[in-house]
Amino acid sequence: MYDCTELHNFENSEQLLIRSTPPVMTDPETKVVTAYYKTNAKDALRLKGLSQEAYKMQWFNPEDGTYTLISECEKTVAGALEIPAKPDSGDWMLLLTAVD
């Protein structure tokens, strides 16, 4: 399903954010991008500086271990993606994976 990426290969990626938002981590090539939304974070997110042309977008629910698909193939526009607001008021992890 996904290639394994060592956690130490990820780095804090504040340069991907347009405004102050949940913490974002990425691998050096921005093939995998994550953002952690705490309970109080609700707003939609805009990421910029993405190097891949398209991403599979999913929400991961840490409470029950399930994934919710946002988009199979969302194309970037000038290296940016609009991420919708999280599904509910709980904790959620956004997962973007590059589509080849």
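**Exercise 1. Where does Asp43 lie among the strands?**

Solution. Begin with the position in the chain: Asp43 falls in the loop that connects strand E3 (32-37) with strand E4 (45-47). Next, look at its surroundings. Asp43 has a relative accessible area of 54%, and the cut-off for exposed is over 50%, so Asp43 is exposed. Finally, check the distance to Pro84. In sequence, Asp43 and Pro84 are 41 residues apart, while their C-alpha atoms are 7.8 Å apart in space.

**Exercise 2. Describe the chain as a whole and the confidence that comes with it.**

Solution. A word of care before going on: this is a predicted model.

- Step one, confidence: the chain has a mean pLDDT of 80, with 78% of its residues at 70 or more.
- Step two, the weak stretch: over residues 1-10 the pLDDT stays under 50, and the model has 13 contacts beyond four places in sequence for this stretch.
- Step three, secondary structure: the chain has 0 helices and 8 strands. Read from the N terminus, the order is β-β-β-β-β-β-β-β.
- Step four, burial and surface: of the 100 residues in the chain, 38% are buried. The accessible surface comes to about 6100 Å², and carbon and sulfur atoms account for 50% of that.
- Step five, contact range: take the contacts between residues at least 6 apart in sequence; 59% of them join residues at least 24 apart.

**Exercise 3. Find two residues other than glycine with a positive phi, and compare their settings.**

Solution. Here is the background: most residues other than glycine have a negative phi. Now to the two cases.

Thr30 has a phi near 50°, a positive value. Thr30 sits in the loop between strand E2 (24-26) and E3. Its relative accessibility is 8%, and buried means under 20%, so Thr30 is buried.

Ala78 has a positive phi of about 55° and is not a glycine either. The loop between strand E6 (66-75) and strand E7 (81-83) holds Ala78. With a relative accessibility of 83%, Ala78 counts as exposed. To put the two side by side, Thr30 is buried, whereas Ala78 is exposed.

**Exercise 4. Trace the aromatic cluster through Trp59, and classify the ring pairs along the way.**

Solution. The structure holds 3 aromatic pairs; we will work through two of them.

For Tyr37 and Trp59, the ring centres lie 5.1 Å apart and the planes meet at 80°. Planes over 60 degrees apart count as edge-to-face, so this pair is edge-to-face. The pair links distant parts of the chain, with Tyr37 in strand E3 and Trp59 in strand E5 (residues 54-61), 22 residues apart. Tyr37 is buried at 1% relative accessibility, and Trp59 is buried at 3%.

Next come Trp59 and Trp92. Their ring centres are 6.4 Å apart and their planes stand at 70°, so this pair is edge-to-face too. Again distant parts of the chain are linked: Trp59 belongs to strand E5 and Trp92 to strand E8 (residues 92-98), 33 residues apart. Trp92 is buried as well, with a relative accessible area of 5%.

Putting the pieces together, Tyr37, Trp59 and Trp92 form one aromatic cluster.

**Exercise 5. Which strands are joined to E8 by 6 bridges?**

Solution. Take one partner at a time. E3 is joined to E8 by 6 bridges, and the two run antiparallel. Within this pairing, Ala35 stands opposite Leu94 in E8. E5 is likewise joined to E8 by 6 bridges, also antiparallel, and here Phe60 faces Met93 in E8. As for cover, 5 of the 7 residues of E8 are buried, which leaves the strand mostly covered.

**Exercise 6. Which residues touch the most other members of the largest nonpolar core?**

Solution. As a general guide, nonpolar side chains in soluble globular proteins tend to be buried together. The largest nonpolar core has 16 residues, and those touching the most other members are Tyr37, Leu45, Leu47, Leu81, Ile83, Leu94 and Leu96. E3, E4, E5, E7 and E8 are the elements that give two or more residues to this core.

To finish, zoom in on Ile83. Leaving aside residues up to four places away in sequence, Ile83 touches Tyr37, Ala44, Leu45, Leu47, Met57, Trp59, Leu94 and Leu96. Two of these names, Tyr37 and Trp59, also appear in the aromatic cluster.

Note on methods. Residues are numbered from 1 along each chain as its sequence is written. Side-chain values use heavy atoms; hydrogens and water are left out. Helices (H or I, at least four residues) and strands (E, at least two) are DSSP runs, numbered from the N terminus. Buried means under 20% relative accessible area, exposed over 50%, partly exposed in between (1.4 Å probe, protein chains only). Rings of Phe, Tyr and Trp (its six-membered ring) pair if their centres lie within 6.5 Å; planes under 30 degrees apart count as stacked, over 60 as edge-to-face and the rest as tilted. pLDDT is the predictor's confidence in each residue, from 0 to 100. Contact means heavy atoms within 4.5 Å. Accessible areas come from the Shrake-Rupley method with a 1.4 Å probe; for residues, only the protein chains shown count as cover. Two strands pair if DSSP finds at least two bridges between them. A nonpolar core is a set of buried Ala, Val, Leu, Ile, Met, Phe, Trp, Tyr and Cys residues joined through side-chain atoms within 4.5 Å.
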